Amino acid sequence: MQITGMINESARLARLFCDKKLPVLAFLDSHQPNKPEEPYPPHCIAGTDESKLVPALQWIENEPNVTIRRKDCFDGFLGSIEDDGSNVFVDWVKNNHIKAILVVGICTDICVLDFVCSTISARNRGFLAPLEDVIVYSRGCATFDVPLHVARNTKGALSHPQELMHHVGLYMAKERGAIIANEVSLLTPKKP
């Protein structure tokens with residue numbers, strides 16, 4: 001339920017942003033099979049369906065205002081660093097004069113949280129001007145569920161209660177300085 005809601009809300013917001021021609025940056029996990037992301041098991045291997053957008057969001061690949069960034073780590077900020085040291089995300093913020101970003105995605109307590117923490121740290125250090133606000137949309141985020149009985153019977157697995165870890169991710173993001181929103185709407189400003 002949590003993941004379905006996150007996908008639906010992400011698709012709704014993507015449509016609103018695209019209809020208004022607002023810039024969108026989408027991160028996709030895309031790992032190389034020989035480059036593990038400890039402590040997590042292999043996932044989202046480049047070229048597999050797991051490394052692609054979910055069907056409800058595949059249409060954004062053809063939108064002119066959307067930038068897709070394939071990343072090989074859970075932190076989209078660090079995963080945006082190019083071999084020459086430039087950063088696709090930093091350049092996207094600066095080139096689009098972004099003052100506020102709205103963050104949605106999976107996993108609230110891992111990828112979303114790490115990206116938010118790095119972004120806020122970079123903003124605080126002055127690396128992301130003109131960025132001011134990092135907003136995490138709670139209903140546009142989700143995480144996975146590994147019940148205790150499954151973790152106990154799976155070598156190397158840890159219990160990961162979905163609702164609790166989603167809340168922890170949101171709490172930690174807020175503690176770092178993010179704004180947590182439980183509703184999002186895009187209003188057209190009134191003309192003077």
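**Exercise 1.** Is Asp91 buried, exposed or partly exposed?

*Solution.* The structure is a predicted model, in which local features need pLDDT of at least 70 and side-chain atom pairs count only at pLDDT 80 or more, while totals for chains, interfaces and linings use all residues. Residues are numbered from 1 along each chain as its sequence is written, and side-chain values use heavy atoms, with hydrogens and water left out.

Step 1: recall the cut-offs, by which buried means under 20% relative accessible area, exposed means over 50%, and partly exposed lies in between (1.4 Å probe, protein chains only).
Step 2: apply them to Asp91, whose relative accessible area is 36%, so that this residue is partly exposed.
Step 3: place the residue in the fold, where Asp91 belongs to helix 2.

**Exercise 2.** Find which residues of helix 2 are buried, and describe how they are arranged and covered.

*Solution.* Step 1: within helix 2, which covers residues 88–95, the buried residues are Phe89, Val90, Trp92 and Val93.
Step 2: viewed down the axis of helix 2, these buried residues fall within an arc of 160° (taken from the directions from the helix axis to the C-beta atoms), so they line one face of the helix.
Step 3: recall that an α-helix has 3.6 residues a turn, so residues three or four places apart point the same way.
Step 4: look for the cover, which includes strand 1, strand 2, strand 3 (100–106) and helix 3 (108–124).

**Exercise 3.** Locate Pro33 and decide whether this residue is buried or exposed.

*Solution.* Step 1: Pro33 sits in the loop that joins strand 1 (24–29) to strand 2 (66–71).
Step 2: the relative accessibility of Pro33 is 65%, and therefore the residue counts as exposed.
Step 3: compare sequence with space, since Pro33 and His43 are 10 residues apart in sequence and their C-alpha atoms are 8.7 Å apart.

**Exercise 4.** Describe the protein as a whole, beginning with its helices and strands.

*Solution.* Step 1: the protein has five helices and five strands, where helices (H or I, at least four residues) and strands (E, at least two) are DSSP runs numbered from the N terminus.
Step 2: read from the N terminus, the order of the elements is α-β-β-α-β-α-β-α-α-β.
Step 3: the radius of gyration (over C-alpha atoms) is 17 Å, close to the 16 Å that the globule rule (2.2 Å times the number of residues to the power 0.38) gives for 192 residues, so the protein is as compact as a globular protein of that length.
Step 4: turn to burial, for buried residues make up 41% of the 192 residues.

Conventions:
Contact = heavy atoms within 4.5 Å.
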